[in-house]
Number of protein chains: 2
Amino acid sequence: MLHNDWMRLALRQAELAFEHGEVPIGAIVVHKGHVIAAAYNEKEQRKDPTAHAEVLAIQRAAEVLGSWRLTEAILYVTLEPCPMCAGAIIQSRLKQIVYGCADLKGGATGSVMNVLDYTLWNHRVDVVAGVLEDECSEILKSFFRRLR
Amino acid sequence: MLHNDWMRLALRQAELAFEHGEVPIGAIVVHKGHVIAAAYNEKEQRKDPTAHAEVLAIQRAAEVLGSWRLTEAILYVTLEPCPMCAGAIIQSRLKQIVYGCADLKGGATGSVMNVLDYTLWNHRVDVVAGVLEDECSEILKSFFRRLR
């Protein structure tokens with residue numbers, strides 16, 4: 001499967017968030033060619049400030065693998081991660097992250113800051129940006145249009 | 001109560017982490033003069049890369065208050081937060097954080113980077129550093145000495 005195909009699954013998660021009245025961001029974790037975790041933003045439903053799609057997907061992937069080390073896994077997420085999620089990516093030793101659209105107001109893998117790019121971390125994460133960028137951006141715009 | 005008194009409670013959590021074989025870091029959340037959450041690092045026990053003391057304390061505080069907004073709360077933590085935890089502090093809109101010793105290899109509230117200090121965040125967090133610094137540092141040194 002190509003990055004686009006996996007990102008469609010993350011987008012499906014974002015759609016579920018939308019249906020639940022949450023800011024529509026979705027994520028999946030792929031390990032050795034298989035989806036081992038999927039999650040969407042549940043901050044409002046859970047009343048939990050840490051319940052971003054990426055954090056939930058990482059927690060579920062760690063549970064599936066029985067380890068906090070996700071060194072062979074790839075995270076697909078529809079929006080560029082915030083500092084908390086970029087930090088969770090470092091903590092979990094993910095091999096690669098692939099995101100849809102950039103977050104110019106809060107993105108922490110390049111847009112506002114780059115949490116991943118510090119030589120002191122003993123781990124390097126590969127970043128791929130802009131996969132299904134338009135679709136990932138459009139679902140967010142559509143959500144905020146509906147709010148107004 | 002003074003910062004030192006609250007930090008002693010966070011240190012007690014760090015001691016619990018030590019007893020469980022975890023890197024000894026502890027945190028509490030204080031809201032309007034009362035402790036509403038306490039947690040210690042449980043990364044190894046839970047096999048969860050996000051189970052740092054700060055994240056767990058923030059999650060528990062949000063559950064107690066029934067809201068992801070912790071705008072009136074203060075987090076006490078024995079070690080300077082990593083990027084993930086500094087990001088969780090932004091997400092939860094904590095009023096203030098107070099930490100014990102700096103983390104020169106990974107601290108994200110000033111030592112290696114400052115995740116909190118971006119004008120684009122719509123929230124300012126007050127930071128107090130160096131409270132019971134020696135005790136907070138000593139328990140970590142003691143843990144790593146024992147590992148070797």
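**Note on the interface of chain A and chain B**

1. Of the residues of chain A, A:Met84 comes closest to the rotation axis, its C-alpha lying at 2.0 Å. This is a predicted model, in which local features need pLDDT of at least 70, side-chain atom pairs count only at pLDDT 80 or more, and totals for chains, interfaces and linings use all residues. Residues are numbered from 1 along each chain as its sequence is written, and side-chain values use heavy atoms, without hydrogens and water.

2. A turn of 180 degrees with a shift of 0.0 Å along the axis lays chain A on chain B with an RMSD of 0.0 Å (least-squares superposition on the C-alpha atoms of residues with pLDDT of at least 70 in both). The two copies are thus related as by a two-fold rotation axis.

3. In chain A, 30 residues are in contact with 30 residues of chain B (heavy atoms within 4.5 Å). The copies meet through the same surface, because 100% of the interface residues of chain A are also interface residues in chain B.

4. Between them, chain A and chain B bury about 2,600 Å², 70% of it on carbon and sulfur atoms (accessible area, 1.4 Å probe, lost on being put together, summed over both parts). A:Pro49, A:Trp68 and A:Gln91 supply 24% of the area that chain A buries against chain B, more than any other three residues.

5. The rule finds zero salt bridges across this interface (a side-chain nitrogen of Lys or Arg within 4 Å of a carboxyl oxygen of Asp or Glu).

How values were computed:
Chains are lettered from A and ligands numbered from 1 in the order in which they are written. Buried area is the accessible area (1.4 Å probe) that two parts lose on being put together, summed over both.
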